[in-house]
Amino acid sequence: MDFTVNILALGIPFSVALLLASLGEMFNQRAGVFNLGCEGIMAMGAFLGMLVPYGAGHGAPVPGTFNVLGLLLAMAVGALLGLLFGLAVVTFRAPQGIAGIGLQMFGVGTAGTLFRHFVGGTQSVPGIDRLPIPVLSDIPFIGPVLFSHNPLVYLTFLLVPAAWYILFRTPWGLRVRASGANPRAADSVGIRVNLVRFQALAVGGALAGLAGAYLSLCQVKMFSDEIIAGRGFIAVALVYFGHWRPLKITGGALLFSFAQALQLAIQGQGIDFPYEFAVMLPYALVIVVLAFSRESLLLGPTALGKPFNREMRT
Amino acid sequence: MTKQFKILYRTVLILLAVAAAMLAGALILWTIGADVTKTYSVIIFEPLKNKIQIGEVIIRAIPLTVIALGISVAYRSGIINIGAEGQMAMGIIAATAVALAFPGLPKAVLLPLALTAGAIGGAAWGFIPGLLKAKLHVSELLSTVMLNYIAAQFYTFCLRGPMLDPAEITMGSGTPQSMRLTKAIWLDRLVPGTRIHTGVYIALFLAFTVWLLLWRTSWGYRMRAAGAGERAARYGGIGVAGCLVAAMVISGAFAGLAGAVEVAGVHRRAIEGITGGYGFSGIVVALFGGLHPAGIIPASFFFGLLIVGADMTQRMAGVPANMVLVLQGIIILVIVATRMVLANPYLEDRVRRRYCRLTDRGREE
Amino acid sequence: MEPNTGKITSLRVEHITKRFPGVLACSDISLSVGEGEVLALVGENGAGKTTLMNILMGLYRPDEGRILINGEETVFRSPGDAFAAGLGMVHQQYMLVANMTVLENIALGYTRAWSPLALDLDMVRARIDEISRKYGLAVDPDAYVWQLSVGEQQRVELVKTLCLGARFLILDEPTSALTPQETDELILLLRKMTRELSIIFISHKLQEVKNLSDKVVILRRGEVVFEGSTADHSSDDIAALMTGREIHLPRNEAPECEGKPALDIRGLKVRSDRGFLAVDGLDLSVCAGEIVGLAGVSGNGQRELAEAINGLREVEEGEILFFGRNIADHSPRDVIDAGMGYIPEERNTEGIVPSFSMKENFILKDAGSPRFSARSFLKLEEIDRNADRLRTEFDIRSPDTDAAAGSLSGGNIQKVILAREISRMPRFLVAVYPTRGLDMGAAEFIHRRLLEKRMEGIGILLISEELEEILDLSDRIAVIFKGRIIGTLDRRTADSRKIGILMAGVRNDEAV
């Protein structure tokens with residue numbers, strides 16, 4: 001019983017970074033843009049998120065507003081990087097896969113460069129504390145699993161239905177889906193497809209930035225070059241796995257983070273198993289999951305990865 | 001008139017692209033308060049100032065060339081190999097394992113054996129994503145990235161476990177590295193006073209082979225057709241799935257071989273961080289070299305320069321070496337965007353008409 | 001922007017010019033349409049009709065010229081502006097999002113139902129209801145577009161355009177995917193609509209032009225070559241003006257051939273991309289030295305049939321006997337080696353590798369054959385020789401054989417494909433829409449070559465939507481409907497009416 005509670009209570013906060021980034025990537029892909037640079041945006045977010053509170057307190061506790069400012073800065077720069085990617089792949093119509101790798105290198109490289117200049121070595125920050133919800137967190141089992149986390153965890157899980165509503169029940173969501181599924185049709189009724197794609201990229205970038213900042217402020221409470229460790233790529237894979245639907249994506253993110261929590265728990269039990277192989281597991285799991293979730297673009301963004309050019313005559 | 005315009009148009013666009021890339025890099029440099037011109041001049045000119053440094057540039061250009069050649073074969077065949085980093089690591093492990101297992105063999109046997117083992121190690125690691133893409137439509141972008149992480153862990157595991165230098169256990173600091181490998185797998189040094197090794201010949205030979213394969217054989221024709229027009233290739237009776245797998249195997253073999261050459265030519269033991277981003281730099285080199293061997297050789301020299309130069313900026317301009325990753329990222333974005341802009345006939349046509357109107361008006365006046 | 005809801009009493013286009021790289025799509029075009037008028041815009045493929053209409057809808061910006069509505073100059077920066085002005089267009093390729101419902105598709109343009117945080121779908125539903133009643137156009141708002149037939153999709157397009165407030169309709173080849181009977185219904189409907197709307201419709205079917213339009217404008221190579229009242233001119237006059245020259249497409253007048261069956265398909269079942277049985281128990285046989293025309297509304301399994309014959313699509317059930325040997329589910333390579341030639345539907349992406357040079361495209365199926373390679377090394381000189389010969393023989397217009405195939409015009413691309421397929425000396429040929437989108441000259445060339453091959457004793461399966469093409473070339477005509485052959489007609493007894501009835505899914509014996 002305790003073991004289960006531990007794994008669940010540990011797994012839920014683990015899923016947040018993946019979930020935020022995946023939901024962002026979902027908006028990108030629904031609009032028809034495949035942003036493999038998610039990893040790079042997350043790295044920048046992780047660095048900027050911790051930079052603000054670190055700069056204010058140099059490791060000492062700082063008022064919560066600095067943490068919030070860090071989150072906002074991470075989101076703003078994430079959105080900017082999304083727009084930069086849009087410049088390359090929407091305006092100039094560069095192939096998205098390879099451009100995404102460029103963005104990833106740029107983001108990881110820039111975060112590393114700035115980190116060495118502004119912070120220097122490994123420095124931890126107090127970060128954002130847990131905020132157990134009164135009364136609810138005292139319920140046995142459910143309390144520690146669901147209601148004893150930091151505020152961003154609650155926020156992220158509220159974001160899931162919100163993302164669903166935005167995508168399927170608002171005019172903007174309709175425009176996003178049309179731009180990704182049939183940009184010509186969207187264009188023919190006056191929707192500015194490339195503008196919608198830029199908007200989606202900004203939203204996706206902001207969420208990826210937030211996901212990065214969550215890692216450095218809530219999960220690890222410091223920054224290092226390897227802090228993202230492929231979570232950006234896993235987030236992209238989860239979008240395929242979740243067939244571009246918020247609920248399925250959430251399921252995927254939880255599956256991954258529970259697996260990770262389980263792995264940590266087993267290691268904690270002192271079972272002799274090479275550490276490196278344990279770390280490999282999530283990556284291997286991604287490959288297995290991808291192999292068994294065949295993309296069905298017919299349900300989702302049919303024009304994914306295809307730049308829109310009105311004048312191109314087919 | 002049209003030809004003159006075309007040259008002018010392309011030149012201006014390429015200059016704009018270079019300016020954009022340098023400006024984007026400068027933005028980051030300004031943010032950390034570095035001297036932009038000094039940084040750029042250190043990166044580009046400092047490594048050329050003496051023989052040792054030029055040698056360092058060349059020994060970095062060797063793995064870059066080999067990896068970029070492999071990535072080009074894959075790219076031309078319609079599959080983007082981001083996994084060279086992992087394939088290289090597997091190549092290093094395979095080559096090191098052979099050298100550790102047969103220390104008594106003569107050089108004429110052991111060296112080719114180790115290099116082949118390296119190529120096979122990389123090829124196996126390239127085969128997996130190739131097969132997954134061909135049979136199950138798994139995006140190679142994601143699977144190769146994941147395999148990089150897996151290979152990196154496996155590499156660390158080997159260096160800390162089965163391959164760990166016995167001397168490190170008894171008396172050393174426990175640094176995860178293998179013992180110094182037998183001289184029988186060392187590649188000879190070419191120029192005294194530098195670390196340039198005979199891997200140069202291997203790289204040049206492979207460049208020629210890739211050119212021959214892609215543009216002079218029916219196999220290369222099929223692979224390029226599969227990459228340039230998958231549906232047309234299928235229609236033409238070309239086994240696209242086979243081409244994808246073959247391309248990834250070749251690509252992986254090249255990366256694995258690059259790893260083996262790096263061990264045999266430079267480090268002479270497996271240590272942590274040999275791959276050091278070569279797999280990613282190889283992508284930039286391949287694109288910068290126009291996915292053609294004739295372009296890749298100079299491109300890998302240029303990026304060798306950047307890597308060596310970036311190591312020096314830390315000391316000489318206070319700019320962290322991570323800056324090279326920033327520049328590479330920018331260069332990828334700028335190249336892929338510029339290629340599309342150059343290939344946009346609509347834009348060219350519009351600019352041409354405006355240009356003609358301008359020059360005509362100039363003539364009338 | 002509050003849409004203006006007044007009537008459009010006149011629409012004038014003055015001196016419109018639009019260039020694409022290497023093409024002058026519209027050159028100094030002027031025309032006008034008055035209240036309640038129907039203007040037919042006629043011309044060959046590539047004459048600039050669609051480009052002109054896309055300019056009217058704000059999809060393209062004209063290089064020169066202006067548009068006037070009710071005498072006022074109007075500039076459309078985007079389709080949204082054109083909608084706001086009351087113009088609506090039904091494009092030839094329907095502009096519907098397949099994985100959305102009809103309701104969502106219409107909501108996409110119906111900005112009045114938008115507010116930042118919610119989409120008023122009930123309002124859209126009411127609007128659809130209103131329009132459906134008014135014009136007698138029934139649609140199911142909750143159906144997904146991909147579930148609808150082509151005819152139903154077109155109805156949705158019309159409803160959508162009307163819901164968005166169109167008071168001036170532009171229809172781009174509205175009947176090209178309809179059966180003759182559906183076409184008649186549409187024309188009746190459009191006539192009714194002219195009480196409230198003006199219409200421009202693009203067509204190259206002269207019968208429709210005569211039946212529907214008041215005025216006719218003929219475009220050729222981007223220029224207006226004729227403008228006048230429809231009633232004053234006969235179909236023949238219009239046809240002559242359209243092509244600019246007298247072209248008589250060759251006809252198959254050869255005696256019937258009594259060859260052995262070359263291709264014999266039995267009980268074939270093939271699934272479409274969406275997973276349903278697109279070919280559902282099809283039987284068809286073609287003899288050597290015979291052209292069998294396969295007529296049918298597109299989307300009834302033609303594509304899947306052609307792909308299955310050529311090994312490009314999995315066969316669920318049934319046999320494809322090729323000279324007695326079952327080639328069902330063999331690889332494309334096997335089928336090619338058995339002697340099959342194939343002119344595919346998608347000439348730009350399937351028939352050629354666009355970025356490859358013309359000469360490289362000529363060896364697409366033979367890179368490994370001893371003719372073009374020895375011990376895996378390509379014989380470059382032989383490849384050059386072959387390309388030069390085919391370029392001359394097939395009159396492919398291009399400066400040299402190194403030009404990228406994708407940069408050629410549609411007609412020349414089709415000639416490259418034809419040259420490759422015919423020069424390989426096939427025993428049989430499957431030709432899918434071989435002249436779609438080509439000008440008359442190129443079509444004539446291709447028809448002659450196909451007839452020549454027939455005379456040489458090669459069997460040909462000709463899949464086409466153009467009834468004229470089928471009637472001109474075929475020895476026998478089979479009609480495909482929902483993946484089955486619904487009827488086969490002999491050349492001597494077939495006419496477009498009989499074929500049309502079959503295309504609509506009505507068996508001969510049930511008709512009239």
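In what order do the strands of the open sheet in chain C lie, and is the pairing mixed or not mixed? In this predicted model, the order is β18-β21-β22-β15-β23-β24 of chain C, 6 strands in total, and the pairing is mixed.

## The sheet of chain C

The sheet is bounded by β18 (340–343) and β24 (484–490) of chain C, edge strands that each pair on one side only. From one strand to the next, the twist averages 20°.

Within the sheet, β21 (residues 428–432) and β22 (residues 459–463) of chain C run parallel and are joined by 5 bridges. Along this pair, V430(C) is opposite L461(C), a residue of β22(C).

## Helices packed on the sheet

Helix α14 (residues 410–423) of chain C packs on the sheet, where it touches β18 and β21 of chain C. The direction of α14 makes about 175° with that of β18(C).

Helix α17 (residues 496–503) of chain C also packs on the sheet. The strands touched by α17 are β15 (291–295), β23 (476–481) and β24 of chain C, and its direction makes about 25° with that of β23(C).

## Domains of chain C

The domain assignment divides chain C into domain 1 (10–243), domain 2 (247–339 + 426–512) and domain 3 (354–423). Between domain 1 and domain 3 of chain C, the centres taken over C-alpha atoms are 40 Å apart.

## Contact between chains B and C

Chain B contributes 18 residues to its contact with chain C, which contributes 23. On the chain B side, the elements giving two or more residues are α9 (218–228), α10 (230–235) and α15 (345–364). The largest share, 6 residues, comes from α9(B). By type, the residues on this side of chain B are 8 nonpolar, 5 polar and 5 charged.

Key:
Residues numbered from 1 in each chain as written. Chains lettered and ligands numbered in written order. Predicted model: local features only at pLDDT ≥ 70, side-chain atom pairs only at ≥ 80, totals over all residues. Domains from an automatic or database assignment. Contact = placed C-beta atoms within 7 Å. Helix = DSSP H or I, 4+ residues; strand = E, 2+ residues; numbered from the N terminus. Nonpolar A, V, L, I, M, F, W, Y, C, P; charged D, E, K, R; others polar. Pairing = 2+ DSSP bridges. Axes fitted to C-alpha atoms, helices over the stretch in contact; angles between N-to-C directions.
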